[in-house]
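These are my notes from a first look at one structure. I wrote down what I looked up, entry by entry.

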Amino acid sequence: MKRAVKDIILAVEGLTVSFNGFKAVDDFSMYIDEGQIYVIIGPNGAGKTTVLDLICGKTKLTSGSIKYRNKEISRMKENKIVQVGVGRKFQTPSVYESLTVFENLELSYPTARSALGAIFFRRSDDIVQAVKSIAKEIFLEEFLQTEAGLLSHGQKQWLEIGMLLIQDPKLLMLDEPVAGMSVAEREKTAQLLRKIATGRSVLVIEHDMQFVEGIADHVTVMHQGKVLSEGSIERVKNDPRVIDVYLGH
Ligand code: ADP
Ligand code: MG
């Protein structure tokens, strides 16, 4: 049965970008459903991060299309793409180290956009409630008054996810969210992502196969800018082409 367009939150078709003639992403397509955890894996240099750069508007495509809820977003400015509901976390955490966990989350709340704005901003109950509820979700409720610089690397990653969540994106994109995390932190992150995906879609780039197995509804393997294989984790894990170029490395 053909899927209804309304069930697809992001449709990427024929996505291509060349850097001085080199196609980092080459005729790449994918369809992410509402509520789905969609994982992209692939060797270094495959083009995974560039796909996120293209979706969030940081890099402009050479050809192809990117539709969010059936609306073309590939020509929109980065901030506009955030406003329509696409949040993106970069590979390295970028939290304000000298501010507390509370302040980091508060600054990310949609009505308090700039640091200057936040100084003159009266803390309403709504914001306090939102900050507390997000802090609980990201396992940092006991750390609200802790300076972000004192958190572990994994806790900083969670804080940054929280800073995105407080803006309530409908599609959350995470580039290697468990890199540098302990085993226990990875398990908690898997739990967090499953919770986040109730009511929104999550696009994750990840290397850790065990982590991918625990969260993925759908896996796409990228190689040399193209889709090499896709489907369930079981399917791609057993695909000889994947074993050859990726797992064999
Ligand atoms: P991955 O995230 O899968 O490891 P990337 O998307 O970071 O791969 O990179 C894919 C390829 O594109 C690499 O060869 C990289 O050097 C190249 N690349 C990425 N961004 C740019 C850019 N802005 N200019 C030139 N080359 C780039
Ligand atoms: Mg990358």
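In what order do the strands of the open sheet stand, and what is the pairing? I found 6 strands in the order 6-7-8-3-9-10, and the pairing is mixed. I took pairing to need at least two bridges found by DSSP between two strands. Helices (H or I, at least four residues) and strands (E, at least two) are DSSP runs, numbered from the N terminus.

**Ground rules.** I noted that this is a predicted model, in which local features need pLDDT of at least 70 and side-chain atom pairs count only at pLDDT 80 or more, while totals for chains, interfaces and linings use all residues. Residues are numbered from 1 along each chain as its sequence is written, chains are lettered from A and ligands numbered from 1 in the order in which they are written, and side-chain values use heavy atoms, with hydrogens and water left out.

**Sheet edges.** I looked up which strands stand at the edges. They are strand 6 (86-89) and strand 10 (226-231); each has a single partner strand, so one side of each is left without a neighbour in the sheet. From one strand to the next, the twist averages 20 degrees. For angles I used axes, which are lines fitted to C-alpha atoms (for helices over the stretch in contact), and values run from 0 to 180 degrees between N-to-C directions.

**Pairs within the sheet.** I went through the parallel pairs. Strand 6 pairs with strand 7 in the parallel sense over 4 bridges, and V86 is opposite L171 there. Strand 7 runs parallel to strand 8, with 5 bridges between them; L171 also stands opposite S201 of strand 8. Strand 3 (residues 37-41) and strand 8 (residues 201-205) are parallel too, joined by 4 bridges. There I37 has V202 as its bridge partner.

**Strand 7.** I checked how well strand 7 (171-175) is covered. Buried means under 20% relative accessible area, exposed means over 50%, and partly exposed lies in between (1.4 Å probe, protein chains only). In strand 7, 5 of its 5 residues are buried. In a regular strand the side chains alternate between the two faces of the sheet. Here L171, M173 and D175 are on one side, L172 and L174 are on the other, and all are buried.

**Helix 7.** I then looked at what crosses the sheet. Helix 7 (residues 183-196) lies across strand 3, strand 7 and strand 8, at about 145 degrees to strand 8.

**Two enclosed helices.** I looked up helix 1 (residues 48-55) and found 7 of its 8 residues buried, so it is largely enclosed by the rest of the structure. The buried ones are K48, T50, V51, L52, D53, L54 and I55. G57 follows helix 1 and has a positive phi, near 85 degrees. Helix 3 (residues 101-108) also has 7 of its 8 residues buried, so it is largely enclosed as well. Its buried residues include F102, L105 and L107.

**Ligand 1.** Which residues are around ligand 1? I listed F19, F22, A24, P43, N44, G45, A46, G47, K48, T49 and T50, where a residue is near if one of its heavy atoms lies within 4 Å. I also looked for polar contacts to the ligand (pairs of N or O atoms within 3.5 Å). A polar side-chain atom of T50 is 2.5 Å from a ligand oxygen atom, and one of K48 is 2.8 Å from a ligand oxygen atom. For A46, a polar backbone atom is 3.2 Å from a ligand oxygen atom. Ligand 1 taken alone exposes 570 Å², and the protein buries 58% of that; the areas come from the Shrake-Rupley method with a 1.4 Å probe. Strand 2 (22-33) and helix 1 each give two or more residues to the shell. Helix 1 gives the most, with 3 residues.

**Positive phi.** I noted two residues that are not glycine but have positive phi. R69, at about 45 degrees, is in the loop between strand 4 (63-68) and strand 5 (71-72). R69 is partly exposed, at 42% relative accessible area. E176, at about 50 degrees, is in the loop between strand 7 and helix 7. E176 is buried, at 13%.

**Whole chain.** I closed with totals. The protein chain has 10 helices and 10 strands, and of its 249 residues 52% count as buried.

Terms used
Contact means heavy atoms within 4.5 Å. A polar contact is a pair of N or O atoms within 3.5 Å; within protein, one must be able to donate a hydrogen and the other to accept it, and residues adjacent in sequence count only if both atoms are side-chain atoms.
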